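User: Please examine the model shown below. I should like to discuss the ligand environment and the charged pairs.

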Amino acid sequence: MQHNKEHKVRDFIYNGQPSRVVFGAGSLAHLEREIDLLGARRALILSTPEQSQQAQMVADRLASRAAGIFPRAVMHVPIETAREARELAQKLGADCAVAIGGGSTTGLGKAIAMESGLPILAIPTTYAGSEMTPIYGITEAGLKKTGRDSRVLPRTVIYDPELTLTLPVGMSVTSGMNAIAHAAEGLYAQDSNPVMDLMAEEGIRAIAQALPAIRRQSDDLEGRTNALYGAWLCGSVLGNVGMALHHKLCHTLGGSFNLPHAEVHTVILPQAIAFNADAAPQAMARIGRALGGQGGASAAAGLFDLACDNGAPVSLRDIGMKESELDRAADIAVSNPYWNPRPFGVAQRGEIRQLLQNAFEGIRPA
Ligand SMILES: NC(=O)C1=CN([C@@H]2O[C@H](COP(=O)(O)OP(=O)(O)OC[C@H]3O[C@@H](n4cnc5c(N)ncnc54)[C@H](O)[C@@H]3O)[C@@H](O)[C@H]2O)C=CC1
Ligand SMILES: O=C(O)/C=C\C(=O)CC(=O)O
């Protein structure tokens, strides 16, 4: 990193998050040791239906210490699913939960931990980053509520890139963009700090370098390792500092229009970063540097190119949004504004509507 005489350290508050990370190809081999270190004896294993084989593999590894498997995690943690899993944990006398999968499975583990205090050991297999955050989300009567609670932060995270080799390339790219979004917004967070800035820049760099390698060869272990390393860094940023317009828009589009999570992040990120560019020049410089700053492209254009060049969707039209719904999306997005480097609210509704139009059409930011 280059230092110059004008570099000033600003005031900051940094809260370390108490979780243990075990990283490396083959690190699933340490699972039993890690369960022991949690002081646990009976684990309930969680997964989606699509990953039930991986859940079974974990159960086989734990043998008598596997209390059972709950293979019914789904996106956005419906309250009914959370209740079912909590009841099963209680019935089986589980004293920890092992969540193997992406953000949906980790989210289910968090919903169990919220009520029971059960420690969660997360084994992430996407790049969403939920395993590093105290953020929970739960959906009741069609409404998703999110919040922060230190009880839901997984106590141990095993990052084993070998478990990500099966993540389809398309999902890998959009999930990687989801991770980058955490880091990009973390760089202009109101409560940012120098540690998170370093992690954010390095996280974007690691994922931006990994995605083309994964696209070329989906079982490229080095690419997979870099991507998972980036996911850890970016997820840590999400867990430590506040997010802004981009995450707000994605929450609106995912929650009210049922658009797929990682794809929405992929499409909106370049447009939200373009919207905030003039208000956050230092963050833009760091994002641009992490992306390699090729051809003098702006941070926003660089993010657009990263997605587009790796075959990901760049327009809302392509991921199921109807143009007739853009007005309502803009209304919802400005109805309850929160902090953003470029302030927005009802008065900026026209600009947010234009951002959504650009996203709908997949226009490359200047
Ligand atoms: N609380 C938090 O801090 C965060 C929460 N989330 C939440 O997580 C959810 C999205 O999580 P994602 O990880 O994007 O998707 P996901 O967990 O829903 O996974 C998508 C699909 O990919 C499959 N999959 C995952 N890993 C695989 C692998 N290695 N091989 C083959 N298939 C695999 C899953 O079984 C599932 O069918 C959303 O509900 C989002 O709101 C996302 C980021 C942070
Ligand atoms: O909505 C949630 O479950 C909580 C946070 C996120 O999903 C973060 C994100 O938008 O990736």
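User: How many residues surround ligand 1 in this predicted model?

Analyst: A residue counts as near a molecule if one of its heavy atoms lies within 4 Å of it. The closest residues to ligand 1 are Thr48, Ser104, Thr125, Thr126 and Thr133. The number that surround ligand 1 is 23.

User: What conventions apply to these values?

Analyst: Residues are numbered from 1 along each chain as its sequence is written, while chains are lettered from A and ligands numbered from 1 in the order in which they are written. This is a predicted model in which local features need pLDDT of at least 70, side-chain atom pairs count only at pLDDT 80 or more, and totals for chains, interfaces and linings use all residues; side-chain values use heavy atoms, with hydrogens and water left out.

User: Which helix gives the most to the shell around ligand 1?

Analyst: Helices are DSSP runs (H or I, at least four residues), numbered from the N terminus. The shell draws at least three residues from each of domain 1 (20–164) and domain 2 (169–361), with bounds from an automatic or database domain assignment. With three residues, the leading contributor is helix H4 (residues 103–116).

User: What share of the area of ligand 1 does the protein bury?

Analyst: Polar side-chain atoms approach oxygen atoms of ligand 1 at 2.9 Å from His76 and at 2.7 Å from Thr126. Taken alone, ligand 1 exposes 860 Å², an accessible area from the Shrake-Rupley method with a 1.4 Å probe. The protein buries 86% of that.

User: Which residue of helix H10 meets Glu201 at 2.6 Å, N to O?

Analyst: A salt bridge is a side-chain nitrogen of Lys or Arg within 4 Å of a carboxyl oxygen of Asp or Glu. Glu201 lies in helix H6 (residues 194–216) and its partner in helix H10 (residues 281–290), 85 residues apart. Glu201 is buried at 7% relative accessibility, where buried means under 20% relative accessible area, exposed over 50% and partly exposed in between (1.4 Å probe, protein chains only). The partner, itself buried at 16%, is Arg286.

User: How far apart in sequence are the parts that Arg289 and Glu201 tie together?

Analyst: The side chains of Arg289 and Glu201 meet in a salt bridge at 2.8 Å, N to O. Arg289 lies in helix H10 and Glu201 in helix H6, so the pair joins parts separated in sequence by 88 residues.

User: Is Arg289 buried or partly exposed?

Analyst: Arg289 belongs to a network of salt bridges that also includes Arg10, Asp197 and Arg205. Its relative accessibility is 47%, so Arg289 counts as partly exposed.

Technical notes. Helix = DSSP H or I, 4+ residues; strand = E, 2+ residues; numbered from the N terminus. Polar contact = N/O pair within 3.5 Å; in protein donor to acceptor, adjacent residues only side chain to side chain.
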